Amino acid sequence: MLQKAFQRYIDSFRGFSKEIWILTLVTFINRAGTMVLPFLSKYLKEDLHFSYGQVGWVMVCFGLGSMIGSWLGGKLSDKVGFYKIMIFSLFTSGVLIFCIQFITSFIGLCLGMFVVMIVADMFRPAMYVSLGAYAKPENRTRAFTLVRLAVNLGFAAGPALGGLIIMGMGYKGLFWIDGLSCVTAILLFALLVKEKKKLPYEENKNSEEVVVKSVFKDAPFWVFLLGSYLTAMVFFQLFTTMPLYQSEWYHISEFQIGLLMSFNGLIIFFLEMPMVNYFERKNVNKLKIIIWGTFLLSLSYFVLLINVWVGILVISMFLITIGEMLNFPFSNTFAMSRAPKGHEGRYMALYTISFSLAHITSAKLGLEIIARFGYQTNWMVMGFMGLAACFSFITLNRMLLRYK
């Protein structure tokens, strides 16, 4: 029985092209290298002695740069090709990260982080388009899932590695290693992966696609973006208000909080790929899977209202993790399959921007609600926000059925 389950797990990783595996490795190196991010606010506060207000403004510039970079990366991927944008983005952002350690003024760092993030986040929509180009249509969702695994593993390794570098070399070492990882990752990509030339325009036979003149006139896609934004708003509480709640309400240690996050990562590592593989083989409607995933995310916050037993944190984390696994891989695929040929970059850019915008607003909204009304009110708001996202996806499903 165990051998059969293990074999199925291994089989879920089969069928990918060499380029997809190299993209996965590059993404892992890149994400493990983004070790500056978890320590950025600490660096600004402790090393540069910025006020909390100044740290907040630097983070706002960080988020705004991310949004603009995502849009530029998508638009330019359609114009000049994803391959050139990926190489330009990672190589240039690596060099800029080397340089930013020498900027110590408040205005300088606001501008510096804004420019770095414009260049760095051009990579994300271009990378999504590259997955669409190098993956076979039948395993595209699994390809997105494989890259998500690399992102999760990279994020898990990065902060631990960053902490060791700070202990050994200080914050300056962090900027050097981060920049070097970007340059190394993209040189590896350029050496091992050849550019895939664009095929002449042909109709995408995916039944979910409606060819439109502009992404801005694609009404169903904007309903999808609204649902994605609300889902991301709810999900990002996991990294902002949730650790504070776990510490302040239940008085658990940083190590125990870390174990809960590891629980999330381990479930994703062992279950996400076989789960996606199963749904792909059964050809289950992607939107229905997304709706159920969003509902479980919403439910994970409602269960936190039972605040008299520490075990509820494990139940909530389990629900968040299953919801995340059902939602995000299929959301990625839906966004890509919705795009007409030649417009993939713009579609993936807007999808990426919905997450960047949620990143900026989620923490601010959650912390404001907690400061004024307490944690319980925040969990209620987030739970109902998740249900609103569910309603958006249900509305989208009905819209698409009317178009058919």
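Reader: In which helix is Thr 321 placed?

Author: Helices here are DSSP runs of H or I with at least four residues, strands are runs of E with at least two, and both are numbered from the N terminus. In this predicted model, Thr 321 is placed in helix H14, residues 312-338. A word on the ground rules: residues are numbered from 1 along each chain as its sequence is written. Because the model is predicted, local features need pLDDT of at least 70 and side-chain atom pairs count only at pLDDT 80 or more, while totals for chains, interfaces and linings use all residues; side-chain values use heavy atoms, with hydrogens and water left out.

Reader: Is Thr 321 buried or exposed?

Author: Buried means under 20% relative accessible area, exposed means over 50%, and partly exposed lies in between (1.4 Å probe, protein chains only). Thr 321 has a relative accessible area of 0%, so it is buried. As for contacts, that word means heavy atoms within 4.5 Å. If you leave aside neighbours within four places in sequence, Thr 321 is in contact with Asn 264, Ile 267 and Ile 268.

Reader: What about Ser 331?

Author: Ser 331 is in helix H14 too, and it counts as buried because its relative accessibility is 1%. Leaving aside neighbours within four places in sequence, Ser 331 is in contact with Phe 224, Ile 290 and Tyr 351. Try finding Thr 141 as well: its C-alpha atom is 9.2 Å from that of Ser 331, although the two are 190 residues apart along the chain.

Reader: And how do I read the chain overall?

Author: The protein chain has 16 helices and zero strands. Buried residues make up 54% of its 404 residues. Take the contacts between residues at least 6 apart in sequence: 85% of them join residues at least 24 apart.

Reader: How many salt bridges are there?

Author: A salt bridge is a side-chain nitrogen of Lys or Arg within 4 Å of a carboxyl oxygen of Asp or Glu. By this rule the count is four. One of them joins Arg 338 and Asp 218 at 2.9 Å, N to O. That pair links distant parts of the chain, with Arg 338 in helix H14 and Asp 218 in the loop between helix H9 (171-192) and helix H10 (219-235), 120 residues apart. Both Arg 338 and Asp 218 are buried.

Reader: What separates Arg 372 and Glu 368 in helix H15?

Author: About one helical turn, because they are four residues apart in helix H15 (residues 344-373). Their side chains meet in a salt bridge at 3.3 Å, N to O. Arg 372 counts as exposed at 61% relative accessibility, whereas Glu 368 is partly exposed at 31%.

Reader: Which residues form the nonpolar patch on the surface?

Author: Patches are made of residues with over 30% relative accessible area and no salt bridge; like charges are joined within 9 Å, and nonpolar side chains (Val, Leu, Ile, Met, Phe, Trp, Tyr) within 5 Å. Here the nonpolar patch is Trp 292, Phe 295, Leu 299, Met 380, Phe 384 and Leu 387. Helix H13 (286-302) and helix H16 (375-403) each supply at least two of its residues. Leu 299, in helix H13, counts as partly exposed because its relative accessibility is 31%.

Technical notes:
Accessible areas come from the Shrake-Rupley method with a 1.4 Å probe; for residues, only the protein chains shown count as cover.
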